[in-house]
Amino acid sequence: MPVIEVEGRRLTLSNLEKVIYPGGTTKGELLHYYAANAGALLPHLRDRPLSLLRYPDGPRGQVFFTKNVPPGTPGWVNTCMVPHSDGSTTAQILVQDAPSLVWAANLVVELHTPQWPCRSPGEADRLVLDLDPGPPAGIVECCEVAMWLREVLAADGLHAYPKTSGAKGLHLLVPLEPAGSREVTEYARALAVRAARELPGLAIATMTRRLRPGKVFIDFSQNARAKTTAAPYTARARASPVVSTPVTWEEIGRCENPEQLRFEIEHVAARLEAHGDLLAGLLDRERARPLPAPR
């Protein structure tokens, strides 16, 4: 197995020629993606306890979700003790630097983060709305809902940053002054309910599957303390190496075809060169605003 050095840390990598995605993308190519784009990924992971969706044999193999520190984790990988409502705690990994990122990528994982940092569990510094379309609706319909939500959030003094989910829909992320996860969830729920009322036939605020065909479900639940969301720039365990990719509001406004907002690992470097990190404002605490008071 090859041994490489990343910022002074020696890492043993495995099965680099193994095909992970059905189209032929190998594990080595996936690791190269993470290493080459670490500068954009790391700020969105730092200080946030990670949950890992592992797919070591590809998306058609065994796929499983874990929050525990994986066996064999090097001692230099930082961890965070996450408290739970029953009084117990779980140790979860923190990816703070490039060696930790490459080590985690070698496990073949999706990276998921909560809306709060390790230092203040349950005190959210961002809000997320997950726009999940029910076929035959798709990301084009998600864009319509996103544009509506953008205006409503702006009226409340909040700025939303969009990214593709890397699956079928969109995520809208909003920087906040720290607020309780319960309160953020309730605000997000109210937005979803209002959207369902004002965008009949297009948006829905309930998870009930029989009601979802042709509509965009606005999932507000990922603001709950125990929930997580696919991190910016993470590759997804899908049929191809799609990435949860930041996009511009101009791209959302002119989207007429799902392929316009579908990005794989090979597309990200060029987008970063052209746009920089479109989610950089999410990390700027000067742009954080207080959670609006309930109406």
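Where in the chain is the place of Val-108? Val-108 sits in the loop between helix H3 (98-105) and E7, and we will come back to its backbone below. Welcome to this predicted model, a chain that has seven helices and 13 strands. Here is a short tour, from the whole chain down to single residues.

**Overall shape and packing**

- With 295 residues, a compact globule would have a radius of gyration near 19 Å, and the chain agrees with that at 19 Å.
- Measuring along the principal axes is another way to picture the chain: its C-alpha trace spans about 55 × 45 × 40 Å.
- Buried residues account for 55% of the 295 residues.
- Take the contacts between residues at least 6 apart in sequence: 68% of them join residues at least 24 apart.

**Surface and charge**

- About 13200 Å² of the chain is exposed, and 50% of that area comes from carbon and sulfur atoms.
- The chain carries 33 positive and 32 negative side chains.
- The centres of these two sets of charges lie 5 Å apart.

**The disulfide**

- A disulfide is a covalent bond between the sulfur atoms of two cysteines.
- The count for this chain comes to one disulfide.
- Its partners are Cys-80 and Cys-118, whose sulfur atoms are 2.1 Å apart.
- The pair links distant parts of the chain, 38 residues apart: Cys-80 belongs to strand E5 (residues 79-83), while Cys-118 lies in the loop between strand E7 (109-113) and strand E8 (123-133).
- The torsion about the S-S bond of Cys-80 and Cys-118 is about 100°, so this disulfide is right-handed.
- Cys-80 counts as buried because its relative accessibility is 1%, whereas Cys-118, at 22%, counts as partly exposed.

**Cysteines without a bond**

- Why is Cys-142 not bonded to the closest cysteine sulfur? That sulfur, in Cys-143, is 7.0 Å from the sulfur of Cys-142, which is too far for a bond.
- Cys-143 is in no disulfide either; the nearest cysteine sulfur to it, that of Cys-255, is 4.1 Å away.
- Cys-142 has 0% relative accessibility and counts as buried, and Cys-143, at 3%, counts as buried too.

**Backbone details worth a look**

- Glu-7 has a positive phi of about 50° although it is not a glycine.
- You can find Glu-7 in the loop between strand E1 (3-6) and E2, where its relative accessible area of 63% makes it exposed.
- Val-108 also has a positive phi, near 60°, in a residue other than glycine.
- Is Val-108 buried or exposed? Val-108 counts as buried, because its relative accessibility is 1%.
- A cis peptide bond joins Pro-135 and Pro-136, with omega about 10°.
- Pro-136 is placed in the loop between E8 and helix H4 (139-155).

**A loop residue and its neighbour in space**

- Asn-15 is found in the loop between strand E2 (9-12) and helix H1 (27-36).
- With a relative accessible area of 48%, Asn-15 is partly exposed.
- Asn-15 and Lys-27 are 12 residues apart along the chain, and their C-alpha atoms are separated by 7.0 Å.

Note on methods: Residues are numbered from 1 along each chain as its sequence is written. This is a predicted model: local features need pLDDT of at least 70, side-chain atom pairs count only at pLDDT 80 or more; totals for chains, interfaces and linings use all residues. Side-chain values use heavy atoms; hydrogens and water are left out. Helices (H or I, at least four residues) and strands (E, at least two) are DSSP runs, numbered from the N terminus. The radius of gyration is taken over C-alpha atoms; the globule rule is 2.2 Å times the number of residues to the power 0.38. Buried means under 20% relative accessible area, exposed over 50%, partly exposed in between (1.4 Å probe, protein chains only). Contact means heavy atoms within 4.5 Å. Accessible areas come from the Shrake-Rupley method with a 1.4 Å probe; for residues, only the protein chains shown count as cover. Lys and Arg count as positive and Asp and Glu as negative; His and the chain ends are not counted. The place of a charge is taken as NZ of Lys, CZ of Arg, CG of Asp or CD of Glu. A disulfide is a pair of cysteine sulfur atoms within 2.5 Å.
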